[in-house]
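This report looks at a protein chain together with its ligand, beginning with aromatic rings and then turning to the surroundings of the ligand. Please keep the sequence and the structure in view while reading.

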Amino acid sequence: MSSGHFDGIWPMLTDPESIRLTGTHHRFTEDEVRDWLATRQDHHDRADWAIVRAEDGEVLGEAALDELDAPNASVSFRISLVGPEVFGRGFGTEATRLAVDYAFDVAGLHRVCLEVFDFNPRAQRVYEKCGFVREGVHRDALLWEGQWHDAITMAILATDPRGESTVDGSGIVGDPA
Ligand SMILES: CC(C)(COP(=O)(O)OP(=O)(O)OC[C@H]1O[C@@H](n2cnc3c(N)ncnc32)[C@H](O)[C@@H]1OP(=O)(O)O)[C@@H](O)C(=O)NCCC(=O)NCCS
């Protein structure tokens, strides 16, 4: 991921549905995002990907492995596509599978964990399809428009099955940075 992805990523950070589903209270400025993109290459303890459609180079979203806990070979995962126009077309599943494969097969990690809000069954389904197992609940972890919501914790271990494969592997390209 780099500065060249700004135009593709910016709509995601201003799309109300993406903001809601990720529970993002912070409102990013263009300068913050440009600085963030420009510094991705400097970090060697995380992987930040732009999700790019192979056929036409369209930026579909972003995914990251971050919060590395090196002594325990554990990392966190997060993903967001740019907006509803690309939800539900299999891209999230494919990108999640690729990130999990990278964590275990390339980085040699043991555990990938994540949090997903109770109002996001599509994301939960994607994570289950990719082999993530529900581990617990952070009760009332998010206050959104006056309502409390739980955050469900999920994880996959290197020794777990990675879920049924429905992906043909042809759709998405990207190198972590
Ligand atoms: C979450 C996200 C990455 C998923 O990617 P996606 O490309 O939209 O999802 P996919 O098309 O790969 O798969 C969606 C799956 O959820 C299922 N699904 C959709 N809506 C659902 C619902 N309301 N309840 C249960 N399952 C649902 C689909 O049927 C499909 O499963 P299937 O293949 O078994 O039929 C994407 O929607 C996104 O970026 N959302 C906004 C940000 C976000 O929620 N990020 C995650 C924060 S934890």
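## Aromatic pairs and the ligand shell

In this predicted model, a search of the whole structure finds six aromatic pairs. One of them is formed by Phe77 and Tyr127, whose rings are arranged edge-to-face, with 6.4 Å from centre to centre and 85° between the planes. This pair links distant parts of the chain, since Phe77 belongs to strand β3 and Tyr127 to helix α5, and the two residues are 50 residues apart.

The elements β3 and α5 also appear around the ligand: β3 (74-81), α4 (91-106), β4 (111-117) and α5 (121-129) each supply at least two residues of its shell. The largest share, seven residues, comes from α5. In total, 22 residues surround the ligand, and the closest are Leu81, Gly90, Thr93, Asn120 and Lys129. Sorted by class, the shell consists of 10 nonpolar, seven polar and five charged residues.

Which protein atoms lie at the listed distances from an oxygen atom of the ligand? The table gives three such contacts, two with the backbone and one with a side chain.

| Residue | Part of the residue | Distance to a ligand oxygen atom |
|---|---|---|
| Arg89 | polar backbone atom | 3.2 Å |
| Gly90 | polar backbone atom | 2.7 Å |
| Arg125 | N or O atom in the side chain | 2.8 Å |

The protein covers 73% of the 960 Å² of accessible area that the ligand has on its own, and the space taken by the ligand is the largest pocket.

Key:
Residues are numbered from 1 along each chain as its sequence is written. This is a predicted model: local features need pLDDT of at least 70, side-chain atom pairs count only at pLDDT 80 or more; totals for chains, interfaces and linings use all residues. Side-chain values use heavy atoms; hydrogens and water are left out. A residue is near a molecule or strand if one of its heavy atoms lies within 4 Å of it. A polar contact is a pair of N or O atoms within 3.5 Å; within protein, one must be able to donate a hydrogen and the other to accept it, and residues adjacent in sequence count only if both atoms are side-chain atoms. Accessible areas come from the Shrake-Rupley method with a 1.4 Å probe; for residues, only the protein chains shown count as cover. On a 1 Å grid over the protein atoms alone, a cavity is a set of points where a 1.4 Å probe fits but cannot get out, and a pocket is an open set with protein on both sides within 12 Å along at least five of seven lines; lining residues have an atom within 4 Å of a point. A molecule sits in a cavity or pocket if more than half of its atoms lie within 2 Å of its grid points. Helices (H or I, at least four residues) and strands (E, at least two) are DSSP runs, numbered from the N terminus. Ala, Val, Leu, Ile, Met, Phe, Trp, Tyr, Cys and Pro count as nonpolar, Asp, Glu, Lys and Arg as charged, and the others, Gly among them, as polar. Rings of Phe, Tyr and Trp (its six-membered ring) pair if their centres lie within 6.5 Å; planes under 30 degrees apart count as stacked, over 60 as edge-to-face and the rest as tilted.
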